[in-house]
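Student: Please take a close look at one part of this chain and set it in the context of the whole. A single connected account would suit me.

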Amino acid sequence: MSDSPLPFTAGVNTVEEQRARWERKRSRTAKELLETEHKYLGQLDLVVTFFVTILKAKGTLKPAVLETIFGPLESVYLASQVLSFHLERGNLGLGLENLCQKLELYGHYSENLEQANKTLKEQLKKNKSFRRFKKLQESRPQFQGRKLEDLLPLPLQRLHQYKHFLRDLLENTSPDNTEYQKLAKAVKCVSEVSRWVQDIIRNRENSLQLLRVQKLLKGQKTKVLAPGRWYIREGWLLVVPSKGEELKRRMFFLFSDIFIATKPCHPLHLLNSNKFTCQAVYPLQECTVDKVFGHTQSQGGLLSLSFPHKTLLLMSSDQEDINDWYQSLTAAIRQLKV
């Protein structure tokens, strides 16, 4: 019987087990990426085959209108075909390299989507032959009850999925793997385009909020729409008068640079019953905010807003609401002064 010590292999086994776990997770993610890419490609194929190609041939829509509604969708479709081709052959790195070169298309597609939806609605309203054609195509069994409007946002949803798939793949790929650098580059590319798309969406939503508030205000004297202005919040607050008068309930609108005080128009007014009259526009650049009371868990609170020639005392019986206003106001003022 030999007395020689057995070689210590526990550490080696642990490393090997970890690598095996990574590989299993990586294989699952790569498989799921391919399966979902096939599904995505099939959905894009519906739009390209049954709408874009036929509409081009028939001339139902003018070329400029067709381009506006579908944007770079055909190029996005081709990029997905190339990615699927490489994934099917196990060439993940090469597939991702090609995807990175085409990701800009997703940003341009997002920029165009709002106008695409608007133009689509216009054409459905005034173009009878296109309206009939769309209804016929959507009734095909391949569409499974889906409308063109359901399919057009798919590239943006897919971009979001790419981000998660690629992060998972990178996390489960060893740094010494030949595909690690390509994966890292792809994650960076997708993240950058995702931020670009998110910025487009945020800007679009903000523009809609500014326009909504502009329409809520009686007349055009108060200009809400302004470059660089961001909508933050709105709500009812009680104004505490300086001379012991009754509390006045007012609607306030907070933006990144101004604070607007309004009161409702008369409910019996023929045109403006649902609108507000602007009473004052306060520049936040010159504002300081203090919480007079509302520091405890007692009911409600009081805020003091000081401007060079005016002090506003604003009250709410809702503790959470007054705290939210305080945080929103102080954050907006702090951002302006950065």
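Tutor: Helices (H or I, at least four residues) and strands (E, at least two) are DSSP runs, numbered from the N terminus. By that count the protein chain has 10 helices and seven strands. The model is predicted, so local features need pLDDT of at least 70 and side-chain atom pairs count only at pLDDT 80 or more, while totals for chains, interfaces and linings use all residues. Residues are numbered from 1 along each chain as its sequence is written, and side-chain values use heavy atoms, with hydrogens and water left out.

The part chosen is helix α8, which covers residues 154–171. Its 18 residues reach 26 Å from the first C-alpha to the last, close to the expected 26 Å (1.5 Å times one less than the number of residues). Buried residues (under 20% relative accessible area; exposed is over 50%, partly exposed in between; 1.4 Å probe, protein chains only) occur from the start of α8, with Leu154, Pro155 and Leu156. Further along α8, Arg158, Leu159, Tyr162 and Lys163 are buried, as are Phe165, Leu166, Leu169 and Leu170. The buried set thus includes Arg158 and Lys163 alongside leucines such as Leu159 and Leu166.

For the chain as a whole, 42% of the 338 residues count as buried. The radius of gyration is 29 Å, whereas a compact globule of 338 residues would have one near 20 Å (taken over C-alpha atoms; the globule rule is 2.2 Å times the number of residues to the power 0.38). The C-alpha atoms fill a box of roughly 100 × 80 × 30 Å along the principal axes. Of contacts (heavy atoms within 4.5 Å) between residues at least 6 apart in sequence, 59% join residues at least 24 apart.

Some residues outside α8 complete the picture. Gln144 lies in the loop between α6 (128–138) and α7 (148–151). Gln144 is not a glycine, yet has a positive phi of about 50 degrees. Most residues other than glycine have a negative phi. Gln144 counts as exposed because its relative accessibility is 64%.

Glu114, in helix α5 (residues 104–126), is partly exposed because its relative accessible area is 41%. Its C-alpha is separated by 37 Å from that of Ser27, 87 residues apart along the chain. Asn203, in helix α9 (residues 180–216), counts as partly exposed at 40% relative accessibility. The C-alpha atoms of Asn203 and Phe50, 153 residues apart along the chain, are separated by 32 Å.
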